[in-house]
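Reader: Could you walk me through one part of this model in detail? I'd like a close look at the place where the two chains meet, plus a word on how far to trust it.

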Amino acid sequence: MSDERSASSVFANLVRRTVRVVAALAVAACVGESVARLYLYEPRSLDPEFGYVIADGATTTCFKEGAGIGHWGPRGVRRTGLPAERGAPLLVLGDSFTEAVHVNDEECYTGRLARILAAGAPSMRVLNAGVAGRSAADYVHLAPAYTSVFRPEWTVVQMTSADLGHEAFDPGSTHFELVAGGRLRTVALPPAGRGGGLRRALRALRARSALLANASIQIRSFETLMTEFRPFHQSAAPAVRVAANDASFPVELELGMLREAFGSRLTLLFLGRYGTREEDATELRVRRYCAETGSSCVFLRDAFARFDRAAGPPYGFPNTGFGTGHLNATGHREAARLVADELTRLARRGLL
Amino acid sequence: MVFSNPYYFLFLAGTLLLLALPVGVTGKKRLLAAASCLFYALWDYRYLGLLLLISLIDYVCAARIAASDSRRVRRAWLLTSIVSNLGVLGYFKYFNFFVDNLNGLLPHAHSIPHRDILLPAGISFYTFKTMSYVIDVHRRELGRVRTWMDYTTFITFFPELIAGPIVRASVLLPQLDRDIGLTRARFATGASAFLLGFTKKSIADHLAVMVDPVFDAPEVFDGATLAAAVLGYSLQIYCDFSGYSDMAIGSAKLIGYDLPENFDMPYASSSITEFWRRWHMTLSFWLRDYLYISLGGNRRGPFRTYVNLVLTMLLGGLWHGASWNFVLWGGLHGVALALHRLKGTRWRLPTMAATPLTFAFVSLCWIPFRAVGLDRTLAFLSGLATWRGGVRWISPTLFFLAALVVLGHAIGRSLFRTEGTRARRFDRALDALAASLDEGPLTGPYVRLGMGTWSGAALVFAWTLLAFLLAPVSNNPFIYFQF
């Protein structure tokens, strides 16, 4: 009898402890999700054509880099903050620099551009369809879907050197491949991503949960940190990371494919590196291509002289870095001005 | 290995597993010494030999001192130890500094060339540690250690080897006879301290991102940004250093040893004298006991007392780094201490005024401490004094983190109490909180986060989760690793 009682009390204790731990974990997860939603929250949903985009009706928060609250509409299009917009659609594509969760709607260059265009000419409504992680290969592959869904009068594509470099050739995402004859073709990932049912389900869960999304970022960061560990030689200077060789990528071919995909009704917004004050090889090639083909291109570097003592650098935020990282309010303002000036010039030439 | 690096967690876990082996007290000490040597070698294996050499020299010197009754012989061995320790420290840390200053006086043709010297990690800390042992043996305040293995275990003890706390032999050596290894109680207190330290280090790293660009180029930024950077750095250095100390103390607790506290809410001080009883206490007390008192302390009249205070702080500043900036910082604190002593009980300000004034003074003194070179110090100070225009670079996160640190201080002052002290105000409410968090009352200098109740467990899980989620992931070393 006493053995039975002690066995049952051990079991009861075990059950009580398990319930306590599970309840505690649940509370901790709720707290973690709440805090993560304040820190960095980008709820995404699966669009059948465009892949994972920020969900319709979502409000994003980002205090991890910068301080931004953003609002999104259908098909992953960011709202500009204007009450009503008229005019022909101006589609703006880009990566995290255009998605720009780090700044508010009206601070983002598309929001500023919408205000400039609303006040003057040409009259256009701005559709910011930027998605973090996109590259030139994505824009080329999705061009038919973009033109069919949004029917843009004109398209602006924001690029950096990486978008025409290693990111456009990364086999882990939609990418370019060189084929026989020196041509390029795109190899597309399915919108839901690779992998079986479980991976897709986890991906979908991560897209909706700030806790899982932030945890996944942290785990990848810790993994990178661990690869930098050099046992017995930590005192040595860290190895300099050599940037991908810009010269090896077929930048001109990529740009040609991009122009063709959007019927040449395209303006390229190129965001150059600020720290070095000199153009890298890719930017030089883009500039040369635009000059030789007469393409519509604007370069943020042309506004670098305006980033004087009072304005500060176009990239970076006080909570992440000075002069590095994503476009800040200053950078967005100048980008909007450059694009608006270019669109005005195109309108004068009768192209818009 | 930075304590916030995942490899450190693996290393610590591996060490605790080794200490769980049934090898007896002596066997565990040997394993711990081996683990500590491996820890140091992982930084740079070439300098492990230097650490062991210093350990051997001082072990022999102390043994000779203890074995002799002759004042002359004892003094000779003490001098041997001090000269060898300071000689090694002087060469590795100050050779190029003295060369630069000497070259400023010599004609260019007779300039002495620089040497490519790598500062061994922790040298400023372990030389002070080992010197304290020899001096204590000389003063007959401590008996000599039995074996060189025991002494090596003490000197190389990895949690506090690189950046303190500066643990004296009288504190750690008596604990070496303990049966070490992880126990439930040690896990509760050790993990709590480690988690607190990790959280502080995360706060420090967030602040560093905001503060570093401003101190690196103060001429670019406006006056408000400079002021914010001063506030930011004051919080950063506190969180960084006290966070490291907490992680060191927590690691030591997990192993089974108790290290002294290094910080006692220093920014709550209402005078500069009180500040130095709360800030980097192990260094402060080391300087008091081995330098200030050796110079005569306050036993030779008021004027000599003030001179001793200033001299102690000047050398204390120089200990931090081979730069006139650190000497300036130390000198400012030395003069402040002397003036405070001179003031005595006259012109006593209420605490509400004295505390922010003390904080403001200490914060301003951090400017030369952090700025690289006297020219940047002057640029910073002039920008602040004239409130000049420039780039505004302030993040709201700074004020949020400042509020968090203040809140943490307020909670800490209320919750943390040692056993046997009289109950303070709000204790009934706190005891109720404690009862909901743990099965027993909160005791000891740290909150022991208990898993005994579901709310306590939820707090532990939530805190750990948030610490992981919000930590900036980088190989940012602790500030005091450079000293």
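Author: Let's start with trust: pLDDT is the predictor's confidence in each residue, on a scale from 0 to 100. You're looking at a predicted model, and it scores ipTM 0.85 and pTM 0.88. Chain B has an average pLDDT of 86, with 90% of its residues at 70 or above. Among the elements of chain B, helix α9 (residues 223-255) has the highest mean pLDDT, 94, while helix α17 (residues 427-437) has the lowest, 56. Two stretches of chain B stay under 50: residues 417-426, with twelve contacts beyond four places in sequence, and residues 439-445, with 16 such contacts. Where pLDDT is low, the predicted coordinates shouldn't be read in detail.

Now for the interface. Chain A puts 43 residues into the contact and chain B puts in 46. Together the chains bury about 3700 Å², and carbon and sulfur atoms supply 73% of that area. As for salt bridges between chain A and chain B, the count is zero. Polar contacts do turn up: three residue pairs across the interface, both partners at pLDDT 80 or more.

On chain A's side, the elements giving two or more residues to the surface that touches chain B are α1 (2-39), α7 (210-227), β13 (315-317) and β14 (321-327). Of these, α1(A) gives the most, with twelve residues. Sort the residues on this side of chain A by type and you get 25 nonpolar, 13 polar and five charged.

Conventions:
Residues numbered from 1 in each chain as written. Chains lettered and ligands numbered in written order. Predicted model: local features only at pLDDT ≥ 70, side-chain atom pairs only at ≥ 80, totals over all residues. Heavy atoms only, no water. Contact = heavy atoms within 4.5 Å. Buried area = accessible area lost by both parts, 1.4 Å probe. Salt bridge = Lys/Arg side-chain N within 4 Å of Asp/Glu carboxyl O. Polar contact = N/O pair within 3.5 Å; in protein donor to acceptor, adjacent residues only side chain to side chain. Helix = DSSP H or I, 4+ residues; strand = E, 2+ residues; numbered from the N terminus. Nonpolar A, V, L, I, M, F, W, Y, C, P; charged D, E, K, R; others polar.
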